[in-house]
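Open the model in your viewer and keep the sequence panel visible. The stops below can be selected one after another.

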Amino acid sequence: MQTQPKASHFIDGAYVEDDSGTPIDVIYPATGEKIATVYAATPAIVDRALDAARRAQGAWAAMSGTERGRILRRAADIMRDRNHDLSVLETYDTGKPYQETSVADATSGADALEYFGGMAATLTGEHIQLGEDWVYTRREPLGVCVGIGAWNYPTQIACWKGAPALACGNAVVFKPSETTPLSALKVAEILHEAGLPAGLYNVVQGMGEVGAALVTDARVDKVSLTGSVPTGRKVYAAAAEGMKHVTMELGGKSPMIVFEDANIENAVSGAILGNFYSSGQVCSNGTRVFVHKDIKEQFLNRLAARLDAAVIGDPMDPTTNFGPMVSEHQMKIALDYIAKGEAEGARLAYGGKAIDRPGFYMQPCVFADVTDDMVIAREEIFGPVMAVLDFEDETEVLARANATEFGLAAGVFTNNLTRAHRIAAGFEAGTCYINTYNDAPVEAPFGGVKASGVGRENSKAAIEHYSQLKSVYVRMGDLEAPF
Ligand code: NDP
């Protein structure tokens, strides 16, 4: 497959190259080999993208929602038709196994384009009667929306931000992570092939400073970031300076509680999905697994047996279900945390070693006997490192689950109906699961509370974050004034 893109950037409906920017090598995580080079956007490229977006946005907003939606739905169809090639590219970009990318990346991007495409025609204001006077509201776009992506779900993030923004009549400038710059260009290409007018979805490459230049530009009305909490704090502060709208999808250290009455196989499945899918590089992962002490050994034994069946290897092999880490850097972060966990006295119950082969491979890792104060129970690792903690009492475990600055996701496994809902209500998290983990359908709001973020992606809720209401007061009679 041709992994070198036609050019680094996509601006005003066309690929654009400018090799005076800093070169960014794209590395295939399964081999460590360079598969492409793109160039970071220079100030002139950033300027060109924002100018194109600004120019195109008005006419797009003036189109009917039905017309806008039709283009997004057509783009969804093209993405689905090309799912195989897009999934292979995503695997090259991220190292995630094809077994995953073929069902979770372009497909979920297509879901977002289809969902918001379908919704575009339904976006309306309301009529508010006030005696004989009345107010009507107009749902208007924000203008130019900047999306800044993380590296773990490059296609999905490009679509989760682009689809609702475009449905509402905005223009988009998207900056992918420098680690995974390839897929967003394909999203731009497909949108334009589907009929999106030039200038409405632009992609510029670059590191943090390109993101920062976009966030502080006066032509930008909204910033949506998917990234870590420290970056989120910086971007939120910079956006506040310009009084811009924000969506912040940030990190987490989410809890998963397994009660003694849970179906153990399902709980183990949830723990595997919530810790080892995408080699653990998922923001909403339930990395603090609180297991009731009565079932702890049984849980750990089943977990180890199930992990023994993981197929670790070439991510292009459709039977591989655990691939490399995205980069050597990210693998080192995870291995360093494992060393800290051992030094703090947690019991290494499974794996946790680097694998001696080309690429950035490590074993999935489970720590048992973890306590709340350990670093591996407090900080986001963003790798395949599960911390299992013991508990005995419902009130105590809920308080411990919530005792974190983060609040992205949380899960509970139990067969006690009322307890399940009581715990879900008590979780300080934006996205909760009962007897499952990490499902993220486009129909459901996704996002965090506390330090994990601001705003919601997906669902009808995303519309509130990509549009604003104008209210128009209409007086029917004469107007009196005091003098
Ligand atoms: P980072 O926070 O390092 O980077 C996120 C993006 O922000 C990158 O494109 C980065 O550019 C850019 N950036 C960095 N500094 C600035 C700045 N000052 N101004 C503007 N943009 C900037 O996150 P990672 O890419 O390492 O992704 C991992 C993190 O993302 C984890 O914490 C994870 O939890 C979180 N995440 C959250 C999700 C959610 O939906 N809540 C989903 C997925 C991940 P570059 O890296 O190219 O320099």
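Begin with F116, Y201 and F299, which touch the most other members of the 108-residue largest nonpolar core. A nonpolar core here is a set of buried Ala, Val, Leu, Ile, Met, Phe, Trp, Tyr and Cys residues joined through side-chain atoms within 4.5 Å. Buried means under 20% relative accessible area, exposed means over 50%, and partly exposed is in between, with a 1.4 Å probe and protein chains only. The model is predicted: local features need pLDDT of at least 70, side-chain atom pairs count only at pLDDT 80 or more, and totals for chains, interfaces and linings use all residues. Residues are numbered from 1 along each chain as its sequence is written, and side-chain values use heavy atoms, with hydrogens and water left out.

Now select F116 alone and show its contacts (heavy atoms within 4.5 Å). Leaving aside neighbours within four places in sequence, F116 is in contact with L72, A163, P164, A167, V442, N458, S459, A462 and I463. Another core, of 31 residues, lies apart from the one around F116; M374, I376, V385 and A410 are among its members.

Next, select helices α5 (residues 106-120) and α6 (residues 154-167), which pack with their axes 8 Å apart and at an angle of about 5°. This angle makes α5 roughly parallel to α6, a term for angles under 35 degrees. Axes are lines fitted to C-alpha atoms, for helices over the stretch in contact, and angles run from 0 to 180 degrees between N-to-C directions. Helices (H or I, at least four residues) and strands (E, at least two) are DSSP runs, numbered from the N terminus.

Which residues of α5 and α6 meet? On the α5 side they are A106, S108, G109, A112, L113, F116 and A120; on the α6 side, T155, Q156, C159, W160, A163, P164 and A167. By class, this contact has 10 nonpolar, four polar and no charged residues. Ala, Val, Leu, Ile, Met, Phe, Trp, Tyr, Cys and Pro count as nonpolar, Asp, Glu, Lys and Arg as charged, and the others, Gly among them, as polar.

Stay with α5 and add R73, found in helix α2 (residues 65-81). Not counting neighbours within four places in sequence, R73 is in contact with L113, E114, G117 and G118. R73 is partly exposed, at a relative accessible area of 36%. The C-alpha atoms of R73 and A194 are separated by 8.4 Å, although the two are 121 residues apart along the chain.

Move to helix α8 (residues 208-216) and colour its buried residues, V210, G211, L214 and V215. Seen down the axis of α8, they fall within an arc of 135°, so they line one face of the helix. The face turned away from them carries the exposed G208, E209 and T216. Among the elements covering the buried residues of α8 are α1 (43-62), β7 (144-148), β8 (171-175), β10 (222-226) and α9 (229-241).

For a second arginine, select R419 in helix α15 (residues 417-426). Is R419 buried or exposed? R419 counts as buried, at 10% relative accessibility. Beyond four places in sequence, R419 touches F259, E260, D261, E394 and T414.

Finish with two loop residues. Most residues other than glycine have a negative phi. D369, not a glycine, has a positive phi of about 55° and is found in the loop between β15 (365-368) and α13 (375-378). K450, also not a glycine, has a positive phi of about 50° and lies in the loop between β18 (431-434) and β19 (453-454).

How values were computed: The arc is that of the directions from the helix axis to the C-beta atoms. Angles under 35 degrees count as roughly parallel, over 145 as roughly antiparallel, 65 to 115 as roughly perpendicular and the rest as oblique.
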